[in-house]
Amino acid sequence: MINPRKTIIDNTISRVSAATGVTIEEIRAKNRHMAIVYARNILCHELAEQRVRNGEIGEVIHRDRSTIYNCIQMYRNDYATDQAFRELAQQAQAEPSNTL
């Protein structure tokens with residue numbers, strides 16, 4: 001049986017990876033390069049928008065749920081103030097998923 005929650009998570013990961021050029025392995029790594037942080041924040045926000053709980057998102061990217069909350073807050077701040085980030089985030093939202 002197909003798990004719809006896993007499908008949502010996998011589709012979102014594929015969409016964000018395609019838009020940002022950052023793999024899920026890079027997102028999971030302990031790395032603070034700006035491109036990877038942006039991709040991580042976008043992924044956390046997109047999963048939260050799909051009603052995935054912070055604890056579940058944390059399991060996906062190997063982080064604590066409080067870190068997920070912080071990623072979502074950083075997404076909101078960057079989206080409001082950084083044009084380049086906003087364009088990247090919009091591209092990730094519009095990117096069609098190749099895993100249907």
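The exercises below, each with a worked solution, concern a predicted model of one protein chain.

**Exercise 1. The chain as a whole**

Task: Determine how many helices and strands there are in the chain, and decide whether its radius of gyration agrees or disagrees with that of a compact globule.

Solution: Begin with the secondary structure, where the chain shows six helices and zero strands, so that reading along the sequence gives the pattern α-α-α-α-α-α. Next, take the overall dimensions, for which the C-alpha atoms fill a box of roughly 45 × 30 × 20 Å along the principal axes. A compact globule with 100 residues would have a radius of gyration near 13 Å, and because the chain has 12 Å, the two values agree. Then turn to the interior and the surface: 40% of the 100 residues count as buried, while the accessible surface comes to about 6100 Å², of which 51% belongs to carbon and sulfur atoms. Finally, consider the contacts between residues at least 6 apart in sequence, of which 61% join residues at least 24 apart.

**Exercise 2. The two sides of helix α6**

Task: Work out which residues of α6 are buried, and explain why these buried residues line one face of the helix.

Solution: First establish the extent of the helix, which covers residues 83–94 and reaches 17 Å from its first C-alpha to its last, close to the 16 Å expected at 1.5 Å a residue. The buried residues of α6 are Phe85, Arg86, Leu88, Ala89 and Ala92. Seen down the axis of α6, these buried residues fall within an arc of 165°, and therefore they line one face of the helix. On the other side of α6, Ala84 and Ala94 are exposed. The packing partners of the buried residues of α6 are α1, α3 and α5. To complete the description, look at the start of α6, where the backbone nitrogen of Ala84 has a side-chain oxygen of Asp82 within 3.0 Å.

**Exercise 3. Helix α4 and its cover**

Task: Find which residues of α4 are buried, and say what covers them.

Solution: Helix α4 runs over residues 54–61, and its buried residues are Glu56, Ile57, Gly58, Val60 and Ile61. The cover over these buried residues includes α1 (4–20), α2 (24–28), α3 (34–49) and α5 (65–81). After α4 comes His62, whose phi is positive, near 60°.

**Exercise 4. Three residues and their surroundings**

Task: Classify Ile42 as buried or exposed, do likewise for Thr12, and then give the relative accessible area of Ser66.

Solution: Start with Ile42, which is found in helix α3; its relative accessible area is 0%, and since buried means under 20%, Ile42 is buried. Leaving aside neighbours within four places in sequence, Ile42 is in contact with Val16, Thr20, Tyr75, Phe85, Leu88, Ala89 and Ala92. Ile42 and Arg86 are 44 residues apart in sequence, yet their C-alpha atoms are 9.9 Å apart in space.

Continue with Thr12, which lies in helix α1 and is buried, because its relative accessible area is 1%. Not counting residues up to four places away in sequence, Thr12 touches Leu43, Glu46, Leu47 and Gln50.

End with Ser66, which lies in helix α5 and has a relative accessible area of 46%, so that Ser66 is partly exposed. The C-alpha atoms of Ser66 and His33, which are 33 residues apart along the chain, are separated by 20 Å.

Definitions and conventions:
Residues numbered from 1 in each chain as written. Predicted model: local features only at pLDDT ≥ 70, side-chain atom pairs only at ≥ 80, totals over all residues. Heavy atoms only, no water. Buried < 20%, exposed > 50% of the residue type's maximum accessible area, 1.4 Å probe, protein only. Helix = DSSP H or I, 4+ residues; strand = E, 2+ residues; numbered from the N terminus. Contact = heavy atoms within 4.5 Å. Expected span 1.5 Å × (residues − 1). Arc of directions from axis to C-beta. Polar contact = N/O pair within 3.5 Å; in protein donor to acceptor, adjacent residues only side chain to side chain. Rg over C-alpha atoms; globule rule 2.2 N^0.38 Å. Areas by Shrake-Rupley, 256 points an atom, 1.4 Å probe, with all protein chains shown as cover.
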